[in-house]
Each structure stands twice: as structure tokens, then as C-alpha cells.
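Work through the two exercises below with the model open beside the text, and follow each solution step by step.

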Amino acid sequence: MTAISYGTMVAVVSAIWCIVRAAVWAKNKKIDWKRELQLLLVYVCIVVIVRFIFCPFEKVDGKIQPLLFDINQMLPFRINLLPFTYLFDYDVMREAIVNLIGNIMMFVPVGIVYPIVYRKLDTHAKVIAAGVGLSLAIEILQLPFFDRVTDIDDLILNSTGYILGYLIYLGVKRITKRETADCEN
């Protein structure tokens, strides 16, 4: 069995991030600092999501518990494709509510950040597809870890959070546009 610490996950994500960004800088022969700050928001979203999706929520002795991988326990994959079957399957209702709200709220920032950072997400369908695709990718990445479950409820809740974030983005954009128009008149 291999235990993968949160620190190791962040180090790997950070290394990949830095390599990709360095390759972009080398290709463009310049660094666009405004763009890098925008992309830093995406990085922060990824690191936070990695924490809450892949590491057990409960801390032991104040420490984040590692993600466990054991090739001998990997199969069969733990998959739930029946919506809302296990959504409230907790010993304490508080845990079910934390799971429900947490899965939604974790993706709200991504729904705000993605349309700001990625200009090619210029239609509602593209933005929503990007959010659902991100959530689906995360669920698929959980497959090899025996202590994680790939769950349709998570996909639905994460996508709901993402869409809620996108609606907040649209609302702020609409208000900003209206105020700008009022100032010009």
C-alpha cells in the first residue's frame, strides 16, 4: 500500500504547473504577468479541490490524512451511478449536510474563475461543459483509489456548484456593465 500525502500531491501539481507555464513562456518569449495572476486563481482552485476530493476530510492529530493506493484493492472500482441513492447515507445528518454543501461550494469559485480566465469559454454551453468536464475528470481520477468512490452525486453536486459560480459571475458582469453604462450617460 502506498500513502500519498497532500504535500506530495501539491508538489506534483505545482511541478507540473511550473513546467507547463515555463514552456508557455519559452514559446511566447515573454511573460504576461496579468495572465499569470489570472491563471494563479485556477491553480489555487485546483490545489483546494485536490485537498478536499482526494484526502479524507477528517484530520488525525491535526494532520491531513494521505490518499491511499493499493493495487491489490483497486478492483473492482467503487462506482455509484444511481443518483441520490447514498446522498444521505451517513450516521449523522450533519455529515450528510456537510457533504452536500461542501460538494457544491467547493466548485463555486471555479465557476467564477473559469469564464474570467478562459476567454474561449464564450457561450453558456462551453462554460457549463468545462465545469461538468472538470468534475467528471476528478471522478474518473478517483477510480484507482480503493478508499474513494466515483459517485454520480458528486458529479451532480460539483456541477451544480460550478453553475452557481457561473451565475454569480454573470450577475456581477451584468451589474458592472450596467454601472459602466450609467457612468457613460
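**Exercise 1: a buried side chain**

At 7% relative accessibility, Asn 103 counts as buried, because buried means under 20% relative accessible area with a 1.4 Å probe and protein chains only. This is a predicted model, in which local features need pLDDT of at least 70 and side-chain atom pairs count only at pLDDT 80 or more, while totals for chains, interfaces and linings use all residues. Residues are numbered from 1 along each chain as its sequence is written, and side-chain values use heavy atoms, with hydrogens and water left out.

Task: state which polar contacts the side chain of Asn 103 makes.

Solution. Begin with the location: Asn 103 lies in helix H3 (residues 93-105). Its side chain makes a polar contact (N or O atoms within 3.5 Å, one able to donate a hydrogen and the other to accept it) with the side chain of Asn 99 at 2.8 Å, and another with the side chain of Asp 154 at 3.3 Å.

**Exercise 2: a helix pair**

Task: determine how H2 and H4 are oriented to each other.

Solution. First, the axes of helix H2 (residues 33-54) and helix H4 (residues 108-117) come within 10 Å and cross at roughly 155°. Angles over 145 degrees count as roughly antiparallel, and H2 and H4 are therefore roughly antiparallel to each other. Next, residues of H2 including Arg 35, Gln 38 and Leu 39 meet residues of H4 including Pro 109 and Val 110, where contact means heavy atoms within 4.5 Å. By class, this contact of H2 with H4 has eleven nonpolar, one polar and one charged residues.

Key
Axes fitted to C-alpha atoms, helices over the stretch in contact; angles between N-to-C directions. Helix = DSSP H or I, 4+ residues; strand = E, 2+ residues; numbered from the N terminus. Parallel < 35°, antiparallel > 145°, perpendicular 65-115°, else oblique. Nonpolar A, V, L, I, M, F, W, Y, C, P; charged D, E, K, R; others polar. Buried < 20%, exposed > 50% of the residue type's maximum accessible area, 1.4 Å probe, protein only.
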